[in-house]
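Okay, thanks for making time, everyone. I'll put the model up and walk you through how the pieces fit together.

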Amino acid sequence: MKPHAVLSDIHGNLEALEAVLADMDRRGVEHIACLGDFVGYGAAPNECMDLLRPRLDVAVAGNHDLAACGRIRLGYFHKDAATAARWTNKSLTPENLAWLEALPFTSEWQGMWLVHSTPSEPDSWSYVMAADEAGLEMAAYTQAVCLIGHSHYPGAFRRSGNTVTYTRDTEVPIVPGDKYLVNVASVGQPRDGDPRAGYLLVEPGVLRHVRLGYDVNRAAARIESAGLPSMLAERLRWGE
């Protein structure tokens, strides 16, 4: 059986996306889903969407996607993120804007539940960073596995009986009868101190976090050349 893949938080980073897609092709990935935030921060929103959209089975909306469409007020965004959202709104083609605006907040795919932020309130853009939070969120879906993005910090929560545990292990075995909430790594803007691009490989009985080096300096230079805030370029090099 060929593996599947889940991407999240691409954020207009073409160099990172190209590295991820090349790795997926090498592994023979058959089906692909995306957990949102195609755009924002990065300087290649159309290029990323035009490359990825034809390959997707399904996608859900991220907050930066909707911000670029004008559907989210930018008051709670960091000033540099708000600047990038306004730039992205002006840069996206009408077709890509309309496609982003039509994305659902949640979707079921390959027997798993997909959402950008939290399954309980998918349009509140909250984070799940602790076991007690994950335990509460697990009541919001009936599937054994829910995949989320948004934090740019890969890891997995597992409920076995009444106990919820957390791991950052690369491999997450799926044990029948247990329940999982898995945060998928960011393709285009990691924040866990590791600047490499990331995605999730889905194989029978196991989920694998994959990390890949890419041309970070070229992606950063693209941001700077577009006139976007220099901090957005620098943080790619830090992975934070």
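Let's start at a turn: S7 and S8 make a hairpin with two residues between them, and Gly161 in that turn has a positive phi of about 65°. Before I go on, a word on where this comes from: it's a predicted model, where local features need pLDDT of at least 70 and side-chain atom pairs count only at pLDDT 80 or more, while totals for chains, interfaces and linings use all residues. Residues are numbered from 1 along each chain as its sequence is written, and side-chain values use heavy atoms, with hydrogens and water left out.

Back to the hairpin. Strand S7, residues 155–160, is joined to S8 by five bridges, and the two run antiparallel. Arg159 sits opposite Val164 in S8. When I say strands pair, I mean DSSP finds at least two bridges between them. Helices and strands are DSSP runs too, numbered from the N terminus: H or I over at least four residues for a helix, E over at least two for a strand. Counted that way, the chain has eight helices and 12 strands.

So where does the hairpin belong? It's part of an open sheet of six strands, ordered S4-S5-S6-S10-S7-S8, with mixed pairing. Strand S4 (106–109) and strand S8 (163–167) are at the edges with a single partner strand each, so one side of each has no neighbour in the sheet. Neighbouring strands here are turned by 20° against each other on average, ignoring direction. Further along, S5 (residues 112–115) and S6 (residues 145–148) run parallel and are joined by two bridges, with Leu114 opposite Leu147 in S6.

Now the other open sheet I want to show. It has six strands in the order S3-S2-S1-S11-S12-S9, and again the pairing is mixed. Strand S3 (58–59) and strand S9 (171–173) are the edge strands, each pairing on one side only. S9 pairs with S12 (residues 206–212) in the antiparallel sense over three bridges, and Val172 stands opposite Leu207 in S12. Helix H1, residues 14–27, lies across S1 (4–7), S2 (31–34), S11 (197–203) and S12, at about 25° to S11. Those angles run from 0 to 180 degrees between N-to-C directions, with axes fitted to C-alpha atoms, for helices over the stretch in contact.

On to the helix pairs. H7 (residues 216–225) and H8 (residues 230–238) pack at about 170°, their axes 8 Å apart. That's why we call them roughly antiparallel; the cut-offs are under 35 degrees for roughly parallel, over 145 for roughly antiparallel, 65 to 115 for roughly perpendicular, and oblique for the rest. The contact, meaning heavy atoms within 4.5 Å, includes Val216, Ala220 and Ile223 of H7 and Leu232 and Leu236 of H8.

And the other pair: H2 (residues 45–52) and H5 (residues 94–101) have axes that come within 11 Å and cross at roughly 70°. H2 and H5 are therefore roughly perpendicular. Which residues make the contact? From H2 there are Asn46, Met49 and Asp50, and from H5 there are Asn96, Trp99 and Leu100.

Last thing, the overall dimensions. The C-alpha trace spans about 50 × 40 × 30 Å along its principal axes. With 240 residues, a compact globule would have a radius of gyration near 18 Å, and the chain's 17 Å agrees. That radius is taken over C-alpha atoms, and the globule rule is 2.2 Å times the number of residues to the power 0.38.
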